[in-house]
Amino acid sequence: MMAASDVLLSVKRAVRAGEPLTRPKLLALAESADPMTFRQAGRALAGVDAAVWGLRPVKVGLLTTATAGPLAHILRAALVSGGMAPTFTSGDYGAFDLLLSAADGPPFIGQDVLLCLLDDAYFLPRDWAGSDVAGLVAFVDERVAAFGRMVASAAERSGTTILLHTVPLSSVVRDTFISWRDRAALSGCWARLNAALLGLAEIQGIVAVDLVGDLAETSVSARDDRLKQYADIPYTDGALMVLAKQVRRFAQAKAGLSRKVLALDLDNTLWGGVLGEVGAAGVTLGGLYPGNSYQQLQRTALRLRDQGVILALASKNDADQVESALRDHPEVLLRPDVFSASAVNWQPKAGNLKHMADQLDLASGSFVFMDDSPFERGHVAEEAPEVTVVSADGDPAYLVRSLTSGGWFDTLELTDTDRKRPELYRTRMERGEFAGTFGSSVEYLAALDITVTVTKAGEFDIPRIAQLAARTNQYNLTGIRFGQPETAKMAADPAHLVISWAVADRFGDEGVVGAAWIDRAGETWSVLNLVMSCRVLGRGVESSVLGWLANQARAAGARVLAGRFVPSGRNSVAAEMWTSAGFVRTADATEATEAEQTYTLALDNTADLVPSWIKLVER
């Protein structure tokens, strides 16, 4: 890990030179544990050009019950370290309840996320009697209930995702009570308060961070009494840094920047020792420390896989020896069939990672690579800087923490498709082998027995649809990322239509792979955006969906189906979708800027767009 002074120096140099930080240096900033580094780096990063730095723009509202202090600087550093360039809109000091109740202007409208910074004073009365803990408890219980009603209403009316956090209770307040029984009653009340705040995350449009739990595992102080008394700043820089890192994890997931693949080394990572030197029976795995630490990492990898993380193997070893060890060692938890891709050879790991990315049809930037060797990590960082590199050296007791603390695989909500993802990518390999037995692509596609199932969005479909919007970058026609609140509103609005589609073939069910948002008011149905997973490209799926839409629009009396394409630099794979389906680019768009292109299809006498080899089903 880079020293804090080196991290800050690299940030300042990059800003002065007008050159973006490399991915490894952004990762070093994300992993820094120094609050002053975050504060100073955030100040230096103000005004960086998101396009030049290759950062995803994100709009953040800030609403605080006290003084925000250096929150914006610290939060900026955290978000930039995750690949995002934030712009902040802050609510006025002292107007928390007023702004939260209104929820119809700054800092709500147009934000990707609204962070509510809460402190304990907000939930406490101005004064209380030391002999009446029951009265204080009753006040706090009612206060948090009222807050819950207010924030739930704000989330529903604003359509902005509101991020809350649990609130530490100052020991100054708790120690006011000299009775151990009363002190326990107050602590129990505060535990209910934080449980209630976390429970609000069950409401659509609200997420919650367990700041109290995170602070319990850090060495920073939550409060500085002088800062609180002098400037009404409720938290130290260290506590704000802990919160900012959690906000970064959420914003990263919401922006679709989470990683999908965990590529693991073997020697001194998944087991102790070098397989080629000690043999399978000689590696350290299971039992007491340190073998239990390596086994815990394997168990954690399995848990990640259960939630949709794709596992890959990247090891410099003899393939036959590795296969035997993974298959036969009684303490191994990661058997060969859990890996969707594998590169066990003596080639450079950077090249192997890129090759596996090609096999899986994923960008190498979706990989997290964990290895104990500083040389291997450094080489991958140099040759494939888009890969997130995690260290596995040092004390093996910290392996799991090193892997999970960055939140690189976080998702807003886990779906059935997420759980199936590792197997979906394994069957992709089988599909490729099957394709080689046919003389033409049409024969191959017909033999696949492809079924496309189109579903009009209901309550249970919306989380997966919003996730597709957030995480799809390549086959994303306009770049508009409709979140859960917007998607839910459109799905319930007769003037709009939200659909998703799933794909299955002889090799298995791909799950929900695409979604579209349509304005269907009037004689022209307009596709506001369409996204689809690249793993089903080349099978005619998108054409079948457009055929379904054209049939629906025609049956409803529409005369034209329209759509747009907005180049993003990453979505060129989708550039020809409209024209390949027979849509015509409008004359106005031809004369206008290339930044946005509009296409239309006249619905009278239009041939069926559904390919002959696809069975189309409406659920």
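What is the volume of the second largest pocket? About 1,300 Å³, and the legends below begin there. This is a predicted model, in which local features need pLDDT of at least 70 and side-chain atom pairs count only at pLDDT 80 or more, while totals for chains, interfaces and linings use all residues. Residues are numbered from 1 along each chain as its sequence is written, and side-chain values use heavy atoms, with hydrogens and water left out.

**View 1. The second largest pocket and its lining.** A pocket here is an open set of points on a 1 Å grid over the protein atoms alone, where a 1.4 Å probe fits and protein lies on both sides within 12 Å along at least five of seven lines. Lining residues have an atom within 4 Å of a point. Points are joined across faces, edges and corners, and the volume is the space filled by probe spheres set on them. The lining has 49 residues, and Thr161, Val207, Phe250, Lys254 and Leu412 lie nearest the centre. Two or more residues each come from strand S1 (56-64), strand S5 (206-209), helix H12 (237-254), helix H21 (462-471) and helix H22 (484-492). H12 gives the largest share, six residues. Helices (H or I, at least four residues) and strands (E, at least two) are DSSP runs, numbered from the N terminus. By residue type, the lining divides into 24 nonpolar, 13 polar and twelve charged. In this scheme Ala, Val, Leu, Ile, Met, Phe, Trp, Tyr, Cys and Pro are nonpolar, Asp, Glu, Lys and Arg are charged, and the others, Gly among them, are polar.

**View 2. Helix H21, a mostly covered element.** Take a look at how H21 sits in the model: ten of its ten residues are buried. Buried means under 20% relative accessible area, exposed means over 50%, and partly exposed falls in between (1.4 Å probe, protein chains only). The buried residues of H21 include Arg464, Gln467 and Arg471, along with Ile462, Pro463 and Leu468.

**View 3. Two cis peptide bonds before proline.** The bond from Pro106 to Pro107 is cis, with omega near 5 degrees. Pro107 sits in the loop between helix H6 (96-102) and strand S3 (113-117). The bond from Tyr289 to Pro290 is also cis, with omega near 5 degrees, and Pro290 belongs to the loop between helix H13 (275-278) and helix H14 (291-306).

**View 4. Gly291 in helix H14.** Gly291 counts as buried because its relative accessibility is 0%. Not counting residues up to four places away in sequence, Gly291 touches Thr284, Leu285 and Gly286; contact means heavy atoms within 4.5 Å. Trp408 lies 117 residues away along the chain, and its C-alpha atom is separated from that of Gly291 by 26 Å.

**View 5. Positive phi at Ala103 and Asp361.** Neither residue is a glycine, yet phi is about 50 degrees for Ala103 and near 60 degrees for Asp361. Ala103 is in the loop between H6 and S3, and at 3% relative accessibility Ala103 is buried. Asp361 is in the loop between helix H16 (349-360) and strand S9 (367-371), and at 39% Asp361 is partly exposed.

**View 6. Lys228 in helix H11.** Is Lys228 buried or partly exposed? Lys228 is partly exposed, because its relative accessibility is 23%. Beyond four places in sequence, Lys228 touches Ala66, Asp119, Ala121, Ile233 and Pro234. Ala66 is 162 residues from Lys228 in sequence, with 9.1 Å between their C-alpha atoms.

**View 7. Val322 in helix H15.** With 2% relative accessibility, Val322 is buried. Leaving aside neighbours within four places in sequence, Val322 contacts Leu266, Leu275, Leu313, Asn317 and Val344. Arg421, 99 residues away in sequence, is 24 Å from Val322, C-alpha to C-alpha.

**View 8. Confidence along the chain.** The chain averages a pLDDT of 91, and 96% of the residues score at least 70; pLDDT is the predictor's confidence in each residue, from 0 to 100. Among the elements, strand S6 (residues 261-264) has the highest mean pLDDT, 98, and helix H25 (residues 587-591) the lowest, 54. Over residues 589-593 the pLDDT is below 50, and this stretch has four contacts in the model beyond near neighbours in sequence. Where pLDDT is low, the predicted coordinates should not be read in detail.
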